Amino acid sequence: MKLSHLSETLIGSEIVKLGGEIREKIRQGERIFNFTVGDFDPAIFPIPKELEDLIVEAYREHFTNYPAAEGNLDLRQAVVKFTREKEKLEYTENETLIAAGGRPLIYAVFRAVCDANDKIIYAVPSWNNNHYTHFIGGKHVVIEATAENNFMPVAKDIRPHIERASLIALCSPQNPTGTTFKKKDLEEICDLVLEENKRRGPEEKKLYVMFDQMYWHLTYGNIEHFNPVTLRPEMKEYTIFIDAISKAFAATGVRVGWSFGPATVINKMKAILTHVGAWAPMAEQKAVARFLGNTPAIDKYLAHFKKEIEERLNAIYKGLNELKEEGLSVDAIAPEAAIYLTVKIDLAGKKTRDGKLLSDQSSVTDYILNEAKLALVPFYAFGAEKTSPWYRLSVGTCKKEEIGEMLGKLKEALKKVS
Ligand SMILES: Cc1ncc(COP(=O)(O)O)c(C=O)c1O
């Protein structure tokens with residue numbers, strides 16, 4: 001049976017596919033260090049207790065009907081206050097939209113801003129921009145970010161494509177790299193957008209920026225999070241933010257996210273999502289509205305949560321550097337943010353001790369999985385070239401006591417290749 005062009009050509013998520021293969025191995029009794037999922041093990045990283053209690057309470061209070069289409073007013077007010085206090089950004093309730101996590105909001109941005117065949121600029125590796133662009137039949141303008149820039153896009157790569165583009169999708173801290181925009185690099189991109197929008201005539205559609213800052217609370221060391229509007233206030237007219245409780249509070253399954261941006265765009269996004277029905281559940285909205293006002297609980301939770309993630313990222317980074325210093329084919333980028341480490345395993349074209357050629361990167365991925373029992377997501381799952389030797393390592397399900405053993409197994413596997 002033939003179905004729509006969209007559904008017939010949709011590429012399934014590579015990460016979900018890989019996750020399925022790993023789960024099958026685990027089901028068959030294999031012990032795998034599964035660092036593939038961009039999620040948290042609730043036994044290691046539970047949601048804040050206060051939030052959990054508020055959700056249960058909200059159901060007990062029978063908050064089980066439809067929420068307001070744009071999100072309940074008390075939650076939008078709480079988001080406005082939270083954003084003002086934590087990020088010094090001034091938005092009103094009417095410029096804020098609630099939905100069931102970041103995904104529906106991203107979909108709504110693409111739908112609200114872009115038409116089929118519109119140019120959409122995004123860097124790779126990045127999370128799911130390729131799929132959202134496909135959804136709306138947009139023209140993919142793909143910028144291959146490099147290790148030299150910590151895999152963040154820079155203005156000079158964007159500039160040649162900017163004419164008649166509708167949307168630039170940016171993300172910082174970035175999934176899959178765990179890296180962030182440096183102030184100057186984001187300023188340069190903003191200046192490019194402002195310059196282009198000044199150049200466009202009154203009848204022409206403006207160039208918008210979707211700024212996905214899902215992980216912005218999770219920065220480490222002296223890393224600072226920057227956003228387009230604080231750096232360049234004129235960007236307020238063209239920037240749509242994506243945010244949620246999903247990653248900041250390990251609450252991926254709770255499904256509450258928010259967008260803020262120009263009211264004209266936010267209103268269209270609301271209209272689109274009304275028909276999709278991707279609202280955050282009523283009780284969760286009530287609970288999050290109350291929780292966001294509890295600053296001491298939030299600060300306490302984040303201090304502990306961030307320390308735990310940072311410890312894992314740093315321990316693995318340090319271990320990988322030691323292997324590199326021993327001359328093994330492994331490298332990593334210093335962790336900056338989120339729950340991810342960018343790791344290079346450069347074995348393609350080499351032979352294992354038993355004479356097997358690791359002919360391409362996918363055989364390297366299989367080798368590491370089978371020999372070191374280490375499961376990572378190759379950057380090609382995030383739109384990079386199939387030959388890219390870089391991987392995402394997620395610590396959301398990592399037990400600290402496993403790290404030494406995992407590094408030992410990886411070392412043995414790397415030593416067997418030359
Ligand atoms: C950068 C980024 N944006 C958005 C999302 C979607 O988040 P949600 O689970 O709230 O839909 C994710 C999830 O992995 C992400 O990594």
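## Starting at the ligand

Let's begin with one contact: arginine 255 places a polar side-chain atom 2.8 Å from an oxygen atom of the ligand. Around this ligand, the protein covers 97% of the 400 Å² of accessible area that the ligand has on its own. Keep in mind that this is a predicted model.

Two further side chains make polar contacts here. In arginine 103, an N or O atom of the side chain is 2.8 Å from an oxygen atom of the ligand. Aspartate 212 deals with a nitrogen atom of the ligand instead, and one of its polar side-chain atoms lies 2.5 Å away from that nitrogen.

## Who else is around

So where does the ligand sit? You'll find the ligand in the largest pocket. There are 13 residues around it, and the ones that come nearest are Gly102, Asn175, Asp212, Tyr215 and Ser246.

As for character, the shell around the ligand is a mix: five residues are nonpolar, four are polar and four are charged. Helix H5, which runs over residues 102-113, gives the largest share of that shell, with three residues.

## Stepping back to the whole chain

Zooming out, the chain is built with 14 helices and 13 strands. Its C-alpha trace spans about 65 × 55 × 55 Å along the principal axes.

How does the radius of gyration fit with a compact globule? For 418 residues, such a globule would come out near 22 Å, and the chain has 22 Å, so the two agree.

Definitions and conventions. Residues numbered from 1 in each chain as written. Predicted model: local features only at pLDDT ≥ 70, side-chain atom pairs only at ≥ 80, totals over all residues. Heavy atoms only, no water. Near = heavy atom within 4 Å. Polar contact = N/O pair within 3.5 Å; in protein donor to acceptor, adjacent residues only side chain to side chain. Areas by Shrake-Rupley, 256 points an atom, 1.4 Å probe, with all protein chains shown as cover. 1 Å grid on protein atoms, 1.4 Å probe; cavity = no way out; pocket = protein on both sides within 12 Å on 5 of 7 lines; lining within 4 Å. Sits in = over half its atoms within 2 Å of the grid points. Helix = DSSP H or I, 4+ residues; strand = E, 2+ residues; numbered from the N terminus. Nonpolar A, V, L, I, M, F, W, Y, C, P; charged D, E, K, R; others polar. Rg over C-alpha atoms; globule rule 2.2 N^0.38 Å.
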